[in-house]
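Student: Could you take me through one part of this protein closely? I'd like to look at a pocket and then at how the charged side chains pair up.

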Amino acid sequence: MPKVLITTVPFAERNSFPLEMLESNGIDYVINPLGKKLTEAELADMIAEFDAVIAGTEPITDHVMACAPNLKHISRVGIGLDSVDLMAAERRGIKVSYTPDAPAPAVAELTIGLMLTLLRSIHTANNQMHQGKWQRHFGRRLAEITVGIIGVGRIGTRVLRRIRGFGTPRLLVNDTLPSLELNREFKLEWAAKTDIYQQADLISLHVPLTAQTKNMICKEQLLMMKPDALIVNTSRGGIINEDDLYHVLSTGHLGGAAIDVFTQEPYKGRLGEIERCVLTCHMGSMSVDCRTRMEIEATEEAVKFLTGKSLSSPVPETEYNVQRQKL
C-alpha cells in the first residue's frame, strides 16, 4: 500500500473529500502530527517511509529528500516553489506538482482588504476603539491614488480587476513579461521598479521568491518611497527585508505596511511593535473555497501519480529554470 505524508496544516478541516480520495484508492496517509509548519529537521525525521508528500511551505531540501528513499512525488498545496529544491528533486527522479490557480482569488481579495485597511486606518481605529479611544481618521480612496503593482501574473492581474471596481486610479505596473492583453483590458503604465517606488502612493507585491527577488525591497528602496506611501506584501516572505522595514517605519517614514508572509513563519519579529504595520499569518489562500480547491487538486495529483496516471499540473520547466539561475 503506497503511503502519503500530508505536511500542510490545516488539511481537510472543512472538506474531507481529499482524505476520501486517498482512502478509496487504497492509499495510506499520515497528517502532520505536529500540527505546525515543519522545520527541515522535523520533516527529515518523519519522511523516510513515504512515497509521496502533499506539501505546504516547509523546506523540502536535498537533505530531506536524502532521508526519503521511497519518495517519488511532491504535490504542493499552493503555487510557491521556493521551499522545494527542484534541482535536487530532478536529480533524484522525484516529480513535483503544484496548484497554481487555486489560491489566486483568495490572495487577491485579501490584498484588496489590506489595501483598504491601510488607506482608511481601519487597524488603527480598531485598536483605539478597544482601548476606549474615539478618534476619527482621514483616509484616501483607491480611485484617487497612484497604485503600483509589481508582478501581474495570476494574482496581480486579479488584483487589478478588483481595483477597477473602486474606480480608475493611476496604475503603474511592472513585470518581467509585459502583457499586451492587459494593455487592452486596463489603462496601464508599464514602469521600472524605481519609478514605482518613487511615484506610487500604494505598492502591492505579487512576485515569486527567487534569487532575483530576494531582498528586492531593502532600506534603499523603502526610502525612495513617498513619506506617506503604503506597501502590501501577500506574495512571499524575504522579498521585503523585514529588519529594514522595521527600521524605516520606526523613523516615521511610510504611512504604513501590511505583511502576510515572512522569512520565518510563525513570525516573531519586531514589526509587531509598529502600530501602523498590519500583520497577518500567511492567510492569503485561507478562504474555505480556495483552500478546499487547493487541497483537492494537490491530492488528485498524488493519487494520479501513485496509481500510474499522468499528472495534470506538473511544475513546468520555466520554474526549474528559475532555480537553475541560482547556480
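**The second largest pocket and the charged pairs**

Tutor: Happy to! In this predicted model, the second largest pocket holds about 710 Å³ of space. Its lining is made up of 28 residues, and those nearest the centre are Lys37, Asp82, Phe262, Thr263 and Gln264. Sorted by character, the lining has eleven polar residues, nine charged ones and eight nonpolar ones.

Now for the charged pairs. Side chains of opposite charge can pair when their charged atoms come close. With a cut-off of 4 Å between a side-chain nitrogen of Lys or Arg and a carboxyl oxygen of Asp or Glu, the count comes to 20 salt bridges. Let's visit a few of them.

Start with arginine 162 and glutamate 109, whose side chains form a salt bridge with an N to O distance of 3.9 Å. This pair ties together distant parts of the chain, 53 residues apart: arginine 162 belongs to helix α7 (residues 154–164), and glutamate 109 to helix α5 (residues 104–119). Arginine 162 is partly exposed, because its relative accessibility is 27%, and the buried class requires a value under 20%.

Next, look at arginine 270 and glutamate 273, which meet in a salt bridge at 3.4 Å, N to O. Arginine 270 has 46% relative accessibility, so it counts as partly exposed. Glutamate 273 has a relative accessible area of 52%, so it is classed as exposed, the cut-off for that class being over 50%.

For a buried pair, turn to helix α12 (residues 288–306), where glutamate 295 and arginine 291 are four residues apart and therefore separated by about one helical turn. Their closest N and O atoms are 2.9 Å apart, in a salt bridge. Glutamate 295 is buried, with a relative accessible area of 4%, and arginine 291 is buried too, at 10% relative accessibility. Elsewhere, Arg140, Asp201, Lys226 and Asp228 are joined into one network by salt bridges that share partners.

Finally, have a look at lysine 3, which sits in strand β1 (residues 3–6). Its side chain makes a polar contact of 2.3 Å with the side chain of glutamate 49. Beyond its neighbours within four places in sequence, lysine 3 touches Asp28, Glu49, Phe50, Asp51 and Ala52. With a relative accessible area of 19%, lysine 3 is buried, because the class takes in values under 20%.

Technical notes: Residues numbered from 1 in each chain as written. Predicted model: local features only at pLDDT ≥ 70, side-chain atom pairs only at ≥ 80, totals over all residues. Heavy atoms only, no water. Helix = DSSP H or I, 4+ residues; strand = E, 2+ residues; numbered from the N terminus. Buried < 20%, exposed > 50% of the residue type's maximum accessible area, 1.4 Å probe, protein only. Polar contact = N/O pair within 3.5 Å; in protein donor to acceptor, adjacent residues only side chain to side chain. Contact = heavy atoms within 4.5 Å. 1 Å grid on protein atoms, 1.4 Å probe; cavity = no way out; pocket = protein on both sides within 12 Å on 5 of 7 lines; lining within 4 Å. Points joined across faces, edges and corners; volume = space filled by probe spheres on them. Nonpolar A, V, L, I, M, F, W, Y, C, P; charged D, E, K, R; others polar.
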